[in-house]
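Reader: I should like a close look at one part of this model, namely its charged side chains and the places where they lie. Please treat the remaining backbone features only after that.

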Amino acid sequence: MLAPVTETDFGEDELLRLNLESAALWPGFAAELEDAAGMPTGYSADGALFVAVDRDDAEELRRLHELQRSLGLESEWLVPSAARAAEPGLAPRIAGAIDAPGEAQVDPVAVVAALARAFEEAGGRIERADVASLDDVDADQVVLAAGAWSARLADVRVHPVKGQLLHLRTRDGAAPIAGRIIRTPRCYIVPRPDGRVVVGATSEEKGYDTSVDAGAVHRLLEAAWEVLPDIWELEFVRTIAGLRPATPDNRPLIGRVDDRLVHATGHYRNGILLAPLTAQLVAEALTQVAA
C-alpha cells in the first residue's frame, strides 16, 4: 500500500511528512521505472476506505479522521450507506468509513524485479555475498539497506517486527471483491488488478522467526470476513511471513553517517511507500561525495 493518509497516527508528524513527500513522487517514479525496465510495477491510484465495522471502531476512526483533517489531509467521513454505495461488497453492519481517494498501491515483487532489471540495463552489476560486517565490503561507499538485518552489520537501532499475510485470488469470472484498498483497525485488504487479493498483516515481536502459524491465518481471515463477507468465496493461494525493520520511534534512518557509510534502513511498515524518496536522498548523498 502507498497509504500515507490511512497510515497516519498521533505523534508521528515527521514520518507523515516523509510519507506524503514520497507518495507524491510515486506516479513519476513508477512511470520512469516501467519505461527503464520495460516491466510493470502494478502501480494504481484507486483510493482506500478505512472501514469501521462496529461502534467502537467508529469512535476510533472518528478521532483519526479529525486528526487527518487537522493536518490538511484529503479524507472524508462516510456514513454507512455512503460507504456501501462506494463499495457494495461491504458488510451490512458497518458503522461508517474514512474515504481517502488519494491512496494508491504497487506490487512490491514487481517493483523489485523492475528495479533489478533497470539497474542492470544502466550498467550496474548485482552480486550476492555473505558478509559479517561492513568491513567485509570492498567499496569506497556503502549503503546500508539490509532491512531487519541491518543491526547485524552496523551499530543501528533496528529490530525485526514479524508480519504475516495471506494471498487469495478471485475465482475466474467472479467480480472483484472491492475496487480499492479496504482497511479496518484489524486488517487490510488489497485487491490487485489481476485478481489477486492480499490480506494482512500481523505485527509481532518474535525476533527473526518467519514461520506462519494457524492462529494468524484465522485472525486475518476473520477480520477480512467481518468487513467483506465475500472473502469466504476466494481461492486460498498461500501465506507469507516477513520481517519489518523497525526503529524505536518508527522513523527511518536515511542519509550519510560518515565519509563511507550511508543509511537506508529502518522503514518499518513504509518501505515501499518511501522507496522513491529514499532513493533520491541516498543518490544525493553519494553524488555529493563523488563531486
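**Charged side chains and their surroundings**

Author: Lys162 has a relative accessibility of 1%, and it is therefore classed as buried, the limit for that class being under 20%. The model is a predicted one, and what follows describes that prediction. Lys162 belongs to strand β5, which covers residues 159–169. Its side chain has a partner: a polar contact of 2.8 Å links Lys162 to the side chain of Asp209.

The salt bridges come next. Across the whole structure, a search returns 13 of them. As a general point, side chains of opposite charge can pair when their charged atoms come close. Several individual pairs may be examined in turn.

One pair lies within a single helix. Glu21 and Arg17 form a salt bridge through their side chains, with an N to O distance of 3.2 Å. Both residues belong to helix α1, residues 13–37, and a spacing of four residues places them about one turn of the helix apart. How accessible are Glu21 and Arg17? Glu21 has a relative accessible area of 34% and is therefore partly exposed. Arg17, at 40%, is likewise partly exposed.

Another pair joins parts of the chain that are separated in sequence. Arg196 makes a salt bridge with Asp107, and their closest N and O atoms are 2.7 Å apart. Arg196 is in strand β8, residues 196–200, whereas Asp107 is in the loop between β3 (96–100) and α4 (108–121), so the bridge ties together parts that are 89 residues apart in sequence. The two partners fall into separate classes of exposure: Arg196 is partly exposed, with a relative accessibility of 23%, while Asp107 is buried, with a relative accessible area of 12%. The value for Arg196 is not under 20%, so this residue does not count as buried.

A further salt bridge is found between Arg125 and Glu127, with 2.6 Å between the closest N and O atoms. Arg125 and Glu127 are both exposed. In addition, Glu7, Arg183 and Arg269 are joined into one network by salt bridges that share partners.

Charges of one sign also gather at the surface. Which residues make up the patch of negative charge there? The patch consists of Asp54, Asp56, Glu59 and Glu60. Residues with a salt bridge are left out of such a patch by definition, so these four acidic residues have no salt bridge partner. One of them, Asp56, is in helix α2, which spans residues 55–70. Asp56 has a relative accessible area of 57% and therefore counts as exposed, since that class begins over 50%.

The backbone features may now be taken up. A cis peptide bond connects Gly200 and Ala201, with omega at about -20 degrees. Ala201 is located in the loop between β8 and α5. The last residue of strand β8 in the range 196–200 is number 200, so the cis bond follows the end of the strand that holds Arg196.

Helix α5 covers residues 214–227, and Ala214 is part of it. Ala214 is exposed, its relative accessible area being 65%. Between the C-alpha atoms of Ala214 and Arg180 there are 27 Å in space, for a separation of 34 residues in sequence.

Where do positive phi values occur outside glycine? Asn250 has phi near 70 degrees, and Tyr268 has phi near 50 degrees. Asn250 is in the loop between β9 (235–246) and β10 (253–256), and with a relative accessible area of 24% it is partly exposed. Tyr268 is in the loop between β11 (261–265) and α6 (275–290).

The loop between β9 and β10 also holds Pro252, a buried residue with a relative accessible area of 12%. Its C-alpha atom is separated by 4.4 Å from that of Gly266, a residue 14 positions away along the chain.

Leu78 offers another C-alpha distance. This residue is in strand β2, residues 76–78, and is buried, with a relative accessible area of 9%. Leu78 and Ala113 are 35 residues apart in sequence, and their C-alpha atoms are 38 Å apart in space.

Conventions:
Residues are numbered from 1 along each chain as its sequence is written. This is a predicted model: local features need pLDDT of at least 70, side-chain atom pairs count only at pLDDT 80 or more; totals for chains, interfaces and linings use all residues. Side-chain values use heavy atoms; hydrogens and water are left out. Patches are made of residues with over 30% relative accessible area and no salt bridge: like charges are joined within 9 Å, nonpolar side chains (Val, Leu, Ile, Met, Phe, Trp, Tyr) within 5 Å. Accessible areas come from the Shrake-Rupley method with a 1.4 Å probe; for residues, only the protein chains shown count as cover. Lys and Arg count as positive and Asp and Glu as negative; His and the chain ends are not counted. The place of a charge is taken as NZ of Lys, CZ of Arg, CG of Asp or CD of Glu. Helices (H or I, at least four residues) and strands (E, at least two) are DSSP runs, numbered from the N terminus. Buried means under 20% relative accessible area, exposed over 50%, partly exposed in between (1.4 Å probe, protein chains only). A polar contact is a pair of N or O atoms within 3.5 Å; within protein, one must be able to donate a hydrogen and the other to accept it, and residues adjacent in sequence count only if both atoms are side-chain atoms.
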